[in-house]
Amino acid sequence: MTAAAPPQPRILLGIALRVAAMACMACLSAIVKWTGSRGVPVFEIILFRNLFAFIPLGLYIARTTGFSVLRTQRPLGHATRSIVGLTGMVCGFSAVQHLPLTEATALQFTSPLFMTALSALLLSEKVGRHRWAAVFVGFLGVLIMARPIPGEMNVPGVTLGILSALGAAGAMVAIRQISDTERGPTIVFYFTLGGVVLGAVGSAFHWVTPDPLTLAALVLGGLIGGVGQLFLTEALRQAPVGVIAPFDYTQLVWASLLGLVIWGELPHPLTLVGAVVVAASGVYILHRELRRFRPPSRPG
């Protein structure tokens, strides 16, 4: 007997929450880029991003699970997830300051490709030829986006963008390793706490006092980042991952609009072509992943 599908209104709510989460993440990236252009160091941006994310996160935990959810059996697992994920955050925040917003966002789409490879290497998961082929095609899309032509390729920006996606994939692998005992709010809380510690330590060596407008943007970035993270969590409660995950690519639409409005950036045609190739590869990998865990249908 198969489980009943979630009601249609809940699925639509899950999709709406996922799209809203991607809008939040695009706005956060724009704030990171803007505050960085005003001289705020990356570690200081990370400090504000995580410190003020505790406000929506704390309210969410108080309303849903209660603070008893913060008890953990896997402190070292949380430390590993935080170190890997925050390394990706540092690279990602640096990448948006070197690249157009659309291009930096598109490079983030390579995370599922890296996650597939890391799952095979670190978790000993069997990855069939279909998914390996999708990974190969996806990295061809990265080459299209990167435009490895003399005078065309932004080497620091592309390198940081790819390292950011690799860090995000590594963080997801680490989450897989602890998710059997740790709940979503627990994982998010300790990651956010790690971000505050990293940001505070890094800022102790280089602090730039922001002007009132920049300070407001930094606080807003923390709130938006926290809300976006909660939208991601809540979307998974409302609808199956296979339904909502493809809507992650709407982040490229939001990033393109913000880049155009704020900086007058027009996406390079090859960035869009490469992003479509990478996105298609990611969706196919998700499709193959879900097939592996689909229970066999019973004969009538």
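The following dialogue explains how burial, nonpolar cores, salt bridges and a surface patch may be read in this predicted model.

Reader: Which conventions apply to this model?

Author: The model is predicted, and local features need pLDDT of at least 70, side-chain atom pairs count only at pLDDT 80 or more, while totals for chains, interfaces and linings use all residues. Residues are numbered from 1 along each chain as its sequence is written, and side-chain values use heavy atoms, with hydrogens and water left out.

Reader: How many of the 8 residues of helix H5 are buried?

Author: Helices (H or I, at least four residues) and strands (E, at least two) are DSSP runs, numbered from the N terminus. Buried means under 20% relative accessible area, exposed over 50%, and partly exposed in between (1.4 Å probe, protein chains only). In helix H5 (residues 101–108), 7 of the 8 residues are buried, so the helix is largely enclosed by the rest of the structure. Among them are Leu101, Glu103 and Leu107. Helix H2 is also largely enclosed, because 8 of its 10 residues are buried; these include Glu44, Phe48 and Arg49.

Reader: Which residues touch the most other members of the largest nonpolar core?

Author: A nonpolar core is a set of buried Ala, Val, Leu, Ile, Met, Phe, Trp, Tyr and Cys residues joined through side-chain atoms within 4.5 Å. The largest one has 35 residues, of which Val32, Ile45, Ile46, Met89, Phe93, Met145 and Val278 touch the most other members. Elements giving two or more residues to this core include helix H1 (8–37), helix H4 (75–95) and helix H13 (269–292). Helix H7 gives the most, with 5 residues. A second, separate core has 8 residues, including Leu57 and Val188.

Reader: With which residues is Val278 in contact, leaving aside its neighbours within four places in sequence?

Author: Contact means heavy atoms within 4.5 Å. On that basis, Val278 is in contact with Phe109, Thr110, Leu113, Gly138, Gly141, Val142, Met145 and Tyr249. Ser82, which is placed in helix H4, offers another case: Ser82 is buried at 7% relative accessible area, and touches Tyr190 and Phe191 when residues up to four places away in sequence are not counted.

Reader: How many salt bridges does a search of the whole structure find?

Author: A salt bridge is a side-chain nitrogen of Lys or Arg within 4 Å of a carboxyl oxygen of Asp or Glu. The search finds 4 salt bridges. In one of them, the side chains of Glu265 and Lys33 meet at 4.0 Å, N to O. Glu265 lies in the loop between H12 and H13 and Lys33 in helix H1, so the pair ties together parts that are 232 residues apart in sequence. Glu265 is buried at 15% relative accessible area, and Lys33 is buried at 11%.

Reader: Are Asp180 and Arg74 buried or exposed?

Author: The side chains of Asp180 and Arg74 meet in a salt bridge of 3.0 Å, N to O. Asp180 is in the loop between H8 and H9, and Arg74 is in the loop between helix H3 (54–63) and H4, 106 residues apart. Asp180 is exposed, at 61% relative accessible area, whereas Arg74 is partly exposed, at 25%.

Reader: Which residues make the nonpolar surface patch?

Author: Patches are made of residues with over 30% relative accessible area and no salt bridge: like charges are joined within 9 Å, nonpolar side chains (Val, Leu, Ile, Met, Phe, Trp, Tyr) within 5 Å. Here Phe136, Val137, Leu140 and Leu143 make a nonpolar patch of about 370 Å². Leu140, found in helix H7, is partly exposed at 39% relative accessibility.

How values were computed
Areas by Shrake-Rupley, 256 points an atom, 1.4 Å probe, with all protein chains shown as cover.
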